[in-house]
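Me: I am new to this structure and would like to learn how its features are read. Could we begin with the way its elements are named?

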Amino acid sequence: MRCDILTLFPDMVRPVLGQSMLKRAQEKGLLEVRVRNLRDYTLDKHQVADDAPYGGGAGMVMKAEPIFRAVDALRAEHGTELRLLMPSPQGRPLTQRFAEELRDEPRPLVFLCGHYEGIDERVRLVLQPEEVSIGDYVLTGGELPALVLIDAAVRLIPGVLGDPESALAESFTDSLLDFPQYTRPSDVQGWAVPEVLLSGNHEAVRRWRRKEALRNTFLKRPDLLRDRVLNDEDRRLLDEILHERTNVCEARGGGRLS
Ligand code: 9D3
């Protein structure tokens, strides 16, 4: 996956790209990200990349021409078509399906990150980028959303997550919430690890995890179950859950020791 991030705030994204999975993916050659400062594509001596809005009002609007020049430069450098993405609160909402689509995109992904009151409308009209939102809340700019999009797509590339089992387990729990995880020690402040997880019985562990994933989903995000056809096992597990007395998030798992 190849990405270019065009921004007035390169330092807002660089440190994130140098950590954890995004760093590892680049080291493995599975991800190539370049960060460009839009100020470098201005022509005036003061490198002005934003200006006051026509019609008045607070704040600044990002100028169109530095963005056009940056995109032209990237087209020339890559020598291919680009996929232009503009993080925007008005965009298509990000979904797991869209993350998969970005992972599978052969063209370089170019993120046009707005900041302040936005970008001159002519960027949208001329370049016709795909607008993408990461949710219905207001941020300060498109930089964090660009990183969210890259992160969501990159972790789906085979070989990025160390363990190929992680990806496999994911398709299994597809659109269910996670089951609870535990690690050493077995007793933390009197709270025990559920016995089944120490049993070594892989089939019992698998069943318990499936049940707890269903329970979490039923209790916290019932909307995810609404339009889902459950298989026999899931229906049986959900039925068990519904017949338990202690159906609250806290009353689950190992339970308090004495
Ligand atoms: C909705 C508020 N807008 C009306 C005056 C102004 C505005 C505020 C903040 C426009 C853009 C922004 C910066 N946000 C993004 O660039 C952004 C974003 C977001 O704020 N929420 C969710 N997804 C995204 S993607 C890009």
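Reply: Helices and strands are DSSP runs, numbered from the N terminus. With that naming, Pro-185 is placed in the loop between α7 (164–172) and β8 (187–188). Please note that this is a predicted model.

Me: How many helices and strands does the protein have?

Reply: There are 10 helices and nine strands. The radius of gyration is 24 Å, well over the 18 Å that the globule rule gives for 258 residues, so the protein is more spread out than a compact globule. Along the principal axes, the C-alpha atoms fill a box of roughly 75 × 40 × 40 Å.

Me: What is to be noted about the backbone, and which peptide bond is cis?

Reply: The general idea comes first. Most peptide bonds are trans, and most residues other than glycine have a negative phi. In this structure, the bond from Arg-184 to Pro-185 is cis, its omega being near 0°. A second case is Ser-20, a residue other than glycine whose phi is positive, near 55°. Ser-20 is located in helix α2, which comprises residues 20–27.

Me: Let us turn to the ligand. Where does the ligand sit?

Reply: The ligand occupies the second largest pocket. Around the ligand are 14 residues, and the closest of them are Ser-88, Ile-134, Gly-135, Tyr-137 and Leu-139.

Me: Which strands each supply at least two residues of the shell around the ligand?

Reply: Strands β5 (83–93) and β7 (130–133) each do so. The largest share, three residues, comes from β5.

Me: How do the residues of the shell divide into nonpolar, polar and charged?

Reply: Eight residues of the shell are nonpolar and six are polar, while none is charged.

Me: How should one read a polar contact of the ligand, and which residues offer a polar backbone atom?

Reply: One looks for a pair of N or O atoms within 3.5 Å. A nitrogen atom of the ligand lies 3.1 Å from a polar backbone atom of Ile-134. For Tyr-137, a polar backbone atom is 2.7 Å from a nitrogen atom of the ligand. An oxygen atom of the ligand is 2.8 Å from a polar backbone atom of Leu-139. On its own, the ligand has 580 Å² of accessible area, of which the protein covers 71%.

Notes
Residues numbered from 1 in each chain as written. Predicted model: local features only at pLDDT ≥ 70, side-chain atom pairs only at ≥ 80, totals over all residues. Heavy atoms only, no water. Near = heavy atom within 4 Å. Polar contact = N/O pair within 3.5 Å; in protein donor to acceptor, adjacent residues only side chain to side chain. Areas by Shrake-Rupley, 256 points an atom, 1.4 Å probe, with all protein chains shown as cover. 1 Å grid on protein atoms, 1.4 Å probe; cavity = no way out; pocket = protein on both sides within 12 Å on 5 of 7 lines; lining within 4 Å. Sits in = over half its atoms within 2 Å of the grid points. Helix = DSSP H or I, 4+ residues; strand = E, 2+ residues; numbered from the N terminus. Nonpolar A, V, L, I, M, F, W, Y, C, P; charged D, E, K, R; others polar. Rg over C-alpha atoms; globule rule 2.2 N^0.38 Å.
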